[in-house]
Amino acid sequence: MGSGDRGPFRRVLLVGFMGSGKSSVGRALADLLQWEFVDFDEAIVEEVGLSISEIFRVHGEGRFRDLEAVVGAQLLSRNEVVLAVGGGWAAQSGRLKDLPAGTLSVWLQVSPETAVRRNRGSLVGRPLLDTPDPVRTATRLMRAREVHYRAAALFLDSESEGIEALAKGIAARIKGSEAESG
Ligand code: S3P
């Protein structure tokens with residue numbers, strides 16, 4: 001488990017592979033909690049003024065990861081916020097083990113096939129899946145990343161559970177943590 005996973009919770013960090021439902025669940029959860037919702041990728045695009053694909057093409061993945069780290073650190077200092085984290089941010093060593101206090105990290109689990117199916121038509125923001133065999137690419141990336149995603153405090157099955165059910169489950173945890181701490 002990560003270091004920030006004790007309540008009362010002031011922010012939720014949704015992690016998981018591209019297409020695991022982080023943005024959809026994040027919006028629904030933010031509505032339930034009356035918190036703000038912020039998507040890491042959208043914050044980066046706003047900051048740089050280029051799309052994710054353009055950043056990869058023009059500056060390379062290394063530069064994108066640097067931007068992601070800076071924007072991520074800024075967003076993690078906010079309270080009453082639901083954060084949808086880019087699939088690669090949480091896949092770096094120590095990221096989920098070193099979260100600020102009051103952060104509930106949630107891993108939304110999905111299969112490579114479902115991830116690719118859900119990403120079809122929106123590969124613009126997912127240059128890493130724009131390959132001749134995206135299921136194979138997703139399988140390889142997921143295998144390498146799982147060890148890091150496992151550091152999340154809560155694992156939820158985004159394959160069989162719907163957006164509203166997932167959001168309600170997480171909201172119940174947050175509300176429970178508030179009740180426990182009085
Ligand atoms: C990436 C995931 C994308 C985006 C970029 C790289 C990754 O975000 O940050 O294309 O390395 O998994 P989503 O997970 O929100 O799709």
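**Asking why, one residue at a time**

Reader: I see that Glu80 is found in the loop between α4 (61-75) and β3 (81-84). Why is Glu80 called partly exposed?

Author: Glu80 has a relative accessible area of 47%. Buried means under 20%, exposed over 50% and partly exposed in between, with a 1.4 Å probe and protein chains only, so Glu80, at 47%, counts as partly exposed. By the way, this is a predicted model, where local features need pLDDT of at least 70, side-chain atom pairs need 80 or more, and totals for chains, interfaces and linings use all residues. Numbering starts from 1 along each chain as its sequence is written, and side-chain values use heavy atoms, without hydrogens or water.

Reader: How do you know where α4 and β3 begin and end?

Author: They're DSSP runs, numbered from the N terminus: helices are H or I with at least four residues, strands are E with at least two.

Reader: What makes Glu80 and Gln34 worth a look?

Author: Their phi angles. Glu80 has a positive phi of about 50° although it's not a glycine. Gln34 isn't a glycine either, and its phi is positive too, about 60°. You'll find Gln34 in the loop between α1 (22-33) and β2 (36-39).

Reader: How do you know that Gln34 is exposed?

Author: Its relative accessibility is 67%, over the cut-off, so Gln34 counts as exposed.

Reader: And what makes Tyr149 buried?

Author: Tyr149, in helix α6 (residues 134-149), has 2% relative accessibility, so it counts as buried. Leaving aside neighbours within four places in sequence, its contacts (heavy atoms within 4.5 Å) include Gly16, Phe17, Trp107 and Phe155.

Reader: How do you know that the side chain of Tyr149 reaches Gly87?

Author: The distance to the backbone oxygen of Gly87 is 2.5 Å. A polar contact is a pair of N or O atoms within 3.5 Å; within protein, one must be able to donate a hydrogen and the other to accept it, and residues adjacent in sequence count only if both atoms are side-chain atoms. Gly87 also meets the ligand: one of its backbone N or O atoms lies 2.8 Å from a ligand oxygen.

Reader: Which residues come nearest to the ligand?

Author: Of the 14 residues around it (a heavy atom within 4 Å), Lys22, Asp41, Arg65, Arg126 and Arg145 come nearest. A polar side-chain atom of Lys22 lies 2.5 Å from a ligand oxygen. For a side-chain N or O atom of Arg126, the distance to a ligand oxygen is 2.7 Å.

Reader: Why is Ser177 called buried?

Author: Ser177 has 7% relative accessibility, so it counts as buried. It lies in helix α7 (residues 163-180). A polar atom of its side chain is 3.3 Å from the backbone nitrogen of Phe9.

Reader: Why is α2 called roughly perpendicular to α4?

Author: The axes of helix α2 (residues 40-48) and α4 cross at roughly 110° and come within 10 Å. Axes are lines fitted to C-alpha atoms, for helices over the stretch in contact, with angles from 0 to 180 degrees between N-to-C directions. Under 35 degrees is roughly parallel, over 145 roughly antiparallel, 65 to 115 roughly perpendicular and the rest oblique, so α2 is roughly perpendicular to α4.

Reader: What makes α3 oblique to α4?

Author: Helix α3 (residues 52-59) packs against α4 at about 125°, with axes 7 Å apart. That angle is why α3 counts as oblique to α4. Ile52, Ile55, Phe56 and His59 are the residues of α3 that meet α4.
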